[in-house]
Amino acid sequence: MPNTLATIKDKLDGRIGEELLVVAQIGRKKITKRRGRLHMTYPAVFVVDLDQDENSFERVSYSYTDILTRNIEVNFDDEIDQAELSIELDDDDVEEFNED
């Protein structure tokens, strides 16, 4: 299914209240990573409540267009865990292959 602003919003609507990591491009070869919780979605933007331990401000908002144009990447904690698990499995598979 093609990504549109509506499908991006629909996906985020179902994840309100979940922990996430936002990776944003802030300039030439510079990125920022912010951990927080998806607070609310609105017609044109969504709001993330940031972890106060890591950030100096409470909330940040992003446009769905930021996701569509890949200016930001949103990773929910359960997706991050799955990615780490698949990387660990791939490393184990390589070790097993080398033992044979």
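Analyst: A residue is called buried when its relative accessible area is under 20%, exposed when it is over 50%, and partly exposed in between, with a 1.4 Å probe and protein chains only. By that criterion, buried residues make up 27% of the 100 residues in the protein chain. This is a predicted model, in which local features need pLDDT of at least 70 and side-chain atom pairs count only at pLDDT 80 or more, whereas totals for chains, interfaces and linings use all residues. Residues are numbered from 1 along each chain as its sequence is written, and side-chain values use heavy atoms, with hydrogens and water left out.

User: Why is Arg 15 called buried?

Analyst: Arg 15 has a relative accessibility of 16%, which falls under the 20% limit and therefore counts as buried. Arg 15 is located in the loop between helix H1 (5–13) and S1.

User: What makes the approach of the Arg 15 and Glu 18 side chains a polar contact?

Analyst: The term requires a pair of N or O atoms within 3.5 Å, where, within protein, one must be able to donate a hydrogen and the other to accept it, and residues adjacent in sequence count only if both atoms are side-chain atoms. The two side chains are joined at 2.8 Å, so the pair satisfies the distance limit.

User: How do you know that strands S1 and S2 pair?

Analyst: Strands, like helices, are DSSP runs numbered from the N terminus (E, at least two residues, for strands; H or I, at least four, for helices), and two strands pair if DSSP finds at least two bridges between them. S1 (residues 19–27) and S2 (residues 30–41) run antiparallel and share eight bridges, so the requirement is met. Gln 25, for instance, has Ile 31 in S2 as its bridge partner. In the hairpin of these strands, which has two residues between them, Lys 29 takes a positive phi near 55 degrees.

User: What makes S2 and S3 a pair as well?

Analyst: Five bridges link S2 to S3 (residues 45–50) in the antiparallel sense, and Met 40 is partnered with Val 47 in S3. The hairpin that joins S2 to S3 passes through three residues.

User: Which residues touch the most other members of the largest nonpolar core?

Analyst: A nonpolar core is a set of buried Ala, Val, Leu, Ile, Met, Phe, Trp, Tyr and Cys residues joined through side-chain atoms within 4.5 Å. The largest one has 15 residues, of which Phe 46 and Val 48 touch the most other members. H1, S1, S3, strand S4 (59–63) and strand S5 (72–76) are the elements that give two or more residues to this core.
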